[in-house]
Structures are given as C-alpha cells and as structure tokens.
Amino acid sequence: MNTHLSLPYGKQHLSLELPKECLHAVIESQLASYSPGKSQEQIVEEALAQPHGTASLKELAFGCKKVVIITSDHTRPMPSRITMPFLLEQIRLGNPQADITILVATGCHRATTKEELLERFGQEIVCREHIVVHDCDQGPFAFVGTSPSGNRIELNQLALDADLLLAEGFIEPHFFAGFSGGRKSILPGIASRATVMFNHSARNIQHPSSTAGILSSNPIHQDMVFAARASGIRFILNVILNEKKEIIGAVAGDVEMAHEAGVSFLSSLCRRSPKPSDIVITTNGGYPLDQNIYQSVKGMTTAAATCRPGGVIIMAARCNDGHGGEEFYRTFASEPDTEKILKDILSRKEEETIPDQWQSQIFCDILLSHTVILVSEAPREMVEALHMVYSSSLKDALCQAKRILGQESPSVTVLPDGVSVIIA
C-alpha cells in the first residue's frame with residue numbers, strides 16, 4: 001500500500017508515491033488547514049482598522065506630501081494586488097494630494113523586471129503609480145547611524161526623504177533572521193550592499209540564535225530593528241499566507257509591535273517537532289521561492305533539522321532562474337572541497353563579507369552533514385558544480401538516495417513546504 005503526496009513545484013505540483021512502511025512522517029504546518037472565516041480583503045481591512053501602536057494610516061497620511069511605500073520584490077509571494085490598493089486608498093483619504101512612490105525592496109537581489117511588476121501589481125497600478133526599484137549599489141544612500149554590532153547603516157535616500165514611510169510585506173519563518181517581514185523591509189530591503197554584507201557576516205550567521213523561529217538574542221534581527229528605527233518608518237502592513245499564497249492573517253501598525261503580533265500568530269500554526277529519518281523530501285513551497293537554487297537553500301535548512309546525520313535530503317525546486325547568485329555559484333564551482341569553503345568563510349571579518357557568502361555558509365553546513373539531491377530544471381552541470389546530486393524526477397531521486405544509503409527500505413520524512421515550518 002502506497003501513500004500519495006503532492007508537492008508544490010513552480011506553479012504546479014509533483015506527485016509522490018511512497019510505501020507506507022517507509023513513510024516515517026509528514027510534517028506540515030497548520031497554515032493549510034487554518035480557516036479565517038473571512039475573505040482576504042476583509043482580513044486586510046480589519047488589520048488596517050486596528051493598528052498596533054500607531055494611529056490609522058489615513059491619520060498618519062494627513063499633511064504628508066511625500067509618501068514612500070516599500071514593497072517586496074519578485075522573490076516573495078506578496079499578494080500586492082490585494083494589499084496595495086488598500087494602502088493607496090488610505091493614504092489618499094488622508095491626503096488626496098500625496099506624492100506617492102512605491103519602492104521595491106530588492107535587497108541585493110537582481111532588479112525586478114517590468115513583467116514581474118505587472119504580475120505583482122497588475123496593469124492599473126504599474127501604469128498609474130510611480131514605482132522605483134531599489135539598487136543596493138547605486139543608491140543614492142544616506143548614513144543613519146551605527147548599530148550596536150558596529151554596522152554602518154546606509155539606507156536608500158528616497159525612503160529617508162519621505163514625510164511618511166511605510167512598508168508592506170509578509171511573515172514566514174526565516175532561516176537566519178528568525179522570521180521575515182517587519183524590519184526586513186528596511187534591512188536588507190533598501191540598504192546598501194555594504195550594510196547588508198555586514199549584517200549577513202559569518203559571525204552573525206554562525207550565532208546559535210540566528211536560526212528560524214528565534215528573534216530574542218538574534219544578532220541579525222537586532223541589527224535589522226536598529227536600521228528600521230533609524231529609517232523613521234511609521235507603519236507596516238504584514239500578511240500571513242497559506243500554502244496557496246492566500247491571506248489568512250494580517251497585522252498593521254508599528255514596525256515592531258505589529259510584527260511581533262504577526263509572529264505570534266504564525267508561530268502558533270507552524271512550529272513542529274523533528275521526526276529524524278534517513279531521507280527527508282522537501283520543497284521551497286513552489287513559486288516564487290523556488291525560482292533558483294540560491295533561494296532553495298531555505299527549504300534545505302528545514303529538512304536538515306529533521307534529517308539524521310549522514311542522511312539524504314531531496315529538494316524539489318523548479319529553479320527555472322538557474323543558480324540565482326553569481327558569487328554563490330562561483331564559490332562552489334571553483335572549489336570542490338566543501339570543508340575548505342566553509343573554513344575560508346569563517347575566517348573573514350565583517351567588513352570582508354562577499355556577496356552570497358551567508359547562503360554559501362549555511363549551504364556548506366548542510367552539505368557537510370547530508371547528501372543533497374536536487375530535482376529541478378537547472379542543468380545537470382550547474383547542480384553538480386554546486387556539490388549536489390542531479391535528478392530528473394522524485395522517483396529517480398528516491399532510487400538514488402537508496403543507493404547512496406545502501407538501504408532498500410530507508411525511513412522517509414516529507415516536508416511538503418519546507419519554508420512554512422519551524423522544526424524545534
């Protein structure tokens with residue numbers, strides 16, 4: 001008797017058949033089963049009507065001429081077609097003459113394309129509103145202070161010049177910042193490359209509290225909060241999404257208070273105990289987070305938390321955008337010794353951090369403890385250059401995993417969506 005499972009892959013799903021005797025556990029959050037009993041629009045409206053620690057957005061906008069709304073980039077499944085119209089409406093109710101700019105927070109990612117903007121916002125907003133895509137190298141930037149960790153915080157001047165700065169985003173577990181959302185719209189969202197590099201340094205990544213589900217004592221989070229406060233941001237709207245990328249919760253208001261409320265709600269739905277197995281099969285939750293190998297490391301970290309040492313992780317991610325990070329790819333393609341790569345990264349000071357180093361560091365830790373098989377559309381040469389095993393299907397990946405382990409009936413844990421769960 002087999003168990004049938006469906007795993008998100010790009011904008012579709014992959015089918016998986018597993019013998020019941022091999023299936024040790026299926027670890028899922030309650031995001032899929034949670035029913036808010038309201039429409040997505042109602043959830044957003046209610047959040048905006050009951051902000052945490054601030055006046056309403058309409059009141060904040062009164063008398064503010066220059067308004068900047070920070071939003072997520074193409075790598076995040078932010079439902080801006082629903083949220084952005086509400087934000088624009090509230091601002092213009094407060095000040096019909098407001099000069100509004102939507103600033104796309106790319107961090108150090110590539111620029112968001114016109115096609116991706118259209119997909120995110122729809123034709124009307126793209127044609128009507130002024131949209132600027134952040135560039136971590138070009139800026140212009142302004143220095144706003146030095147964080148307690150010693151990080152020089154440089155932020156996009158456009159945001160700092162606003163009479164009213166706000167952000168929209170979504171909250172999910174994050175593999176080293178604890179959770180996404182809130183303060184992350186500022187750092188790394190609209191920060192300079194140098195500021196992001198320092199925040200993502202080897203020392204910070206190595207800290208035991210720099211992991212999914214932890215904010216207290218997390219040095220990366222603390223740096224981000226400092227940057228957010230220094231930016232003068234006055235309002236956020238953050239949503240919580242289910243596996244269909246539908247809004248099931250929303251919070252609004254102060255950048256810390258609202259974020260903490262959202263984190264509390266999300267944590268109640270996604271914390272799960274580990275179920276150690278020989279093989280762990282997972283995904284990055286499908287599009288848009290599985291567009292490249294770089295982002296797929298996030299789902300792998302969750303899998304690693306419940307895979308036995310020496311076990312095999314099977315990651316199913318479409319990766320139609322390739323590796324997703326030039327330095328990330330070059331780091332592994334140029335050096336076959338994973339242990340040497342990690343040793344070199346750990347020797348670097350904060351000011352010596354290079355692009356994608358944090359992802360390489362976390363990826364090294366995974367590779368040194370587990371074999372990773374990648375099921376994707378990325379070329380075989382690319383996958384193997386990144387020290388992984390290439391596979392064309394889940395069925396083939398399972399056969400390869402059995403050969404690697406030398407076991408005919410290994411135990412298997414399945415994480416249908418590796419970025420929606422906190423293993424603790």
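Biologist: Why is Arg-92 called partly exposed?
Modeller: In this predicted model, Arg-92 has a relative accessible area of 29%. Buried means under 20% and exposed over 50%, so a value in between counts as partly exposed.

Biologist: And what makes Glu-129 buried?
Modeller: Its relative accessible area is 7%, and the cut-off for buried is under 20%, so Glu-129 qualifies.

Biologist: How do you know that Arg-92 forms a salt bridge with Glu-129?
Modeller: Their closest N and O atoms are 2.9 Å apart. The limit is 4 Å, so the pair passes. Arg-92 sits in helix H3 and Glu-129 in the loop between helix H5 and strand E6, so the contact ties together parts 37 residues apart in sequence. Both residues also belong to a network of salt bridges with Glu-124 and Arg-128.

Biologist: What makes Arg-229 and Asp-254 a salt bridge?
Modeller: Same test: N to O is 2.9 Å, and the rule asks for within 4 Å, so yes. Arg-229 is in helix H9, while Asp-254 is in the loop between strand E13 and helix H10, so this pair ties together parts 25 residues apart in sequence.

Biologist: Why does Asp-254 count as buried?
Modeller: Asp-254 has 12% relative accessibility, and buried means under 20%, so the label fits. Arg-229, at 39%, is partly exposed.

Biologist: What separates Glu-327 and Arg-330 in helix H12?
Modeller: About one helical turn, as they are three residues apart. Their side chains meet in a salt bridge at 2.8 Å, N to O.

Conventions
Residues are numbered from 1 along each chain as its sequence is written. This is a predicted model: local features need pLDDT of at least 70, side-chain atom pairs count only at pLDDT 80 or more; totals for chains, interfaces and linings use all residues. Side-chain values use heavy atoms; hydrogens and water are left out. Helices (H or I, at least four residues) and strands (E, at least two) are DSSP runs, numbered from the N terminus. Buried means under 20% relative accessible area, exposed over 50%, partly exposed in between (1.4 Å probe, protein chains only).
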